[in-house]
Amino acid sequence: MHRITEARGGSRVTALPGPVRTARLVKVHGISGQEIEIEQWTPEDDWQPVGQPVGGLSAVGQLRCSYCGCVGRMQSLGSFLYPDGYRIRVPRQEECPVCLGPMECIAVTDAI
């Protein structure tokens, strides 16, 4: 997964080191102070800078995948889930581009 972050004065691209297939079990301290295990999908420390797109979000189609090196296969979350555009009562497509099996999206983020 890749992430484009736009801010005043430019944008930057960060990526995870490879496909995310499972959550990791990590130990954290709960509010009671006891150590507990939780599932963690994509901690912020895993996102590493991989370059700066020339056109921000509009350049998603020209980005090179930091994992496999392919250009032109990146998709926004919206075009991935709704390849023909969002329409009411049309089912979402959630097919993994790696294994072609069913996939649940784990998060959607937006900028304020």
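# Salt bridges, strands and sulfurs in a predicted model

Reader: Let's start with the loop acid. Does Glu44 count as buried or exposed?
Author: Keep in mind that this is a predicted model. Glu44 has a relative accessibility of 51%. The cut-off for that class is over 50%, so Glu44 counts as exposed.

Reader: Which residue does Glu44 form a salt bridge with?
Author: The cut-off is a side-chain nitrogen of Lys or Arg within 4 Å of a carboxyl oxygen. The closest N and O atoms of the Glu44 pair are 2.6 Å apart. At 22% relative accessibility, the partner counts as partly exposed. That partner is Arg3.

Reader: How many residues apart in sequence are the parts that Glu44 and Arg3 tie together?
Author: The two meet in a salt bridge. Glu44 sits in the loop between strand S4 (35-40) and strand S5 (48-51), while Arg3 belongs to strand S1, so the pair ties together parts whose separation in sequence is 41 residues.

Reader: How many salt bridges does a search of the whole structure find?
Author: One is the Glu44 and Arg3 pair. Another joins the side chains of Arg24 and Asp46, at 2.4 Å from N to O. The whole-structure search gives a count of two.

Reader: Fine, and how many residues apart in sequence are the parts tied together by Arg24 and Asp46?
Author: These side chains meet in a salt bridge. Arg24 is in strand S3 (residues 24-29) and Asp46 is in the loop between S4 and S5, so the parts tied together are apart in sequence by 22 residues.

Reader: What are the relative accessibilities of Arg24 and Asp46?
Author: Arg24 counts as partly exposed, and Asp46 counts as partly exposed too. The value for Arg24 is 39%, and the value for Asp46 is 22%.

Reader: Back to S1: which residue in S2 is the bridge partner of His2?
Author: Strand S1 (residues 2-7) pairs with strand S2 (residues 10-15) in the antiparallel sense, over six bridges. The two strands form a hairpin with two residues between them. For His2, the bridge partner in S2 is Ala15.

Reader: Which residue in the turn has a positive phi?
Author: The turn belongs to the hairpin of S1 and S2. Its phi is about 90°, and the residue is Gly9.

Reader: How many disulfides are there?
Author: The cut-off is 2.5 Å between cysteine sulfur atoms. For Cys68, the closest cysteine sulfur is in Cys70, 3.6 Å away, which is too far for a bond. Cys68 is partly exposed at 48%, and Cys70 is partly exposed at 30%. The disulfide count comes to zero.

Reader: About how much accessible area does the nonpolar patch on the surface have?
Author: The patch is formed by Val28, Ile36 and Ile38. Ile38 lies in strand S4 and counts as partly exposed, with 34% relative accessibility. Together the patch residues have an accessible area of about 200 Å².

Reader: How far apart are the C-alpha atoms of Pro19 and His2?
Author: Pro19 is found in the loop between S2 and S3. Along the chain, Pro19 and His2 are 17 residues apart. Their C-alpha atoms are separated by 9.9 Å.

Reader: Before I trust any of this, where is confidence lowest?
Author: The protein averages a pLDDT of 76, with 75% of the residues scoring at least 70. Where pLDDT is low, the predicted coordinates should not be read in detail. Confidence is highest in S4, at 90, and lowest, at a mean of 70, in helix H1 (residues 77-81).

Technical notes
Residues are numbered from 1 along each chain as its sequence is written. This is a predicted model: local features need pLDDT of at least 70, side-chain atom pairs count only at pLDDT 80 or more; totals for chains, interfaces and linings use all residues. Side-chain values use heavy atoms; hydrogens and water are left out. Two strands pair if DSSP finds at least two bridges between them. Helices (H or I, at least four residues) and strands (E, at least two) are DSSP runs, numbered from the N terminus. Buried means under 20% relative accessible area, exposed over 50%, partly exposed in between (1.4 Å probe, protein chains only). Patches are made of residues with over 30% relative accessible area and no salt bridge: like charges are joined within 9 Å, nonpolar side chains (Val, Leu, Ile, Met, Phe, Trp, Tyr) within 5 Å. Accessible areas come from the Shrake-Rupley method with a 1.4 Å probe; for residues, only the protein chains shown count as cover. pLDDT is the predictor's confidence in each residue, from 0 to 100.
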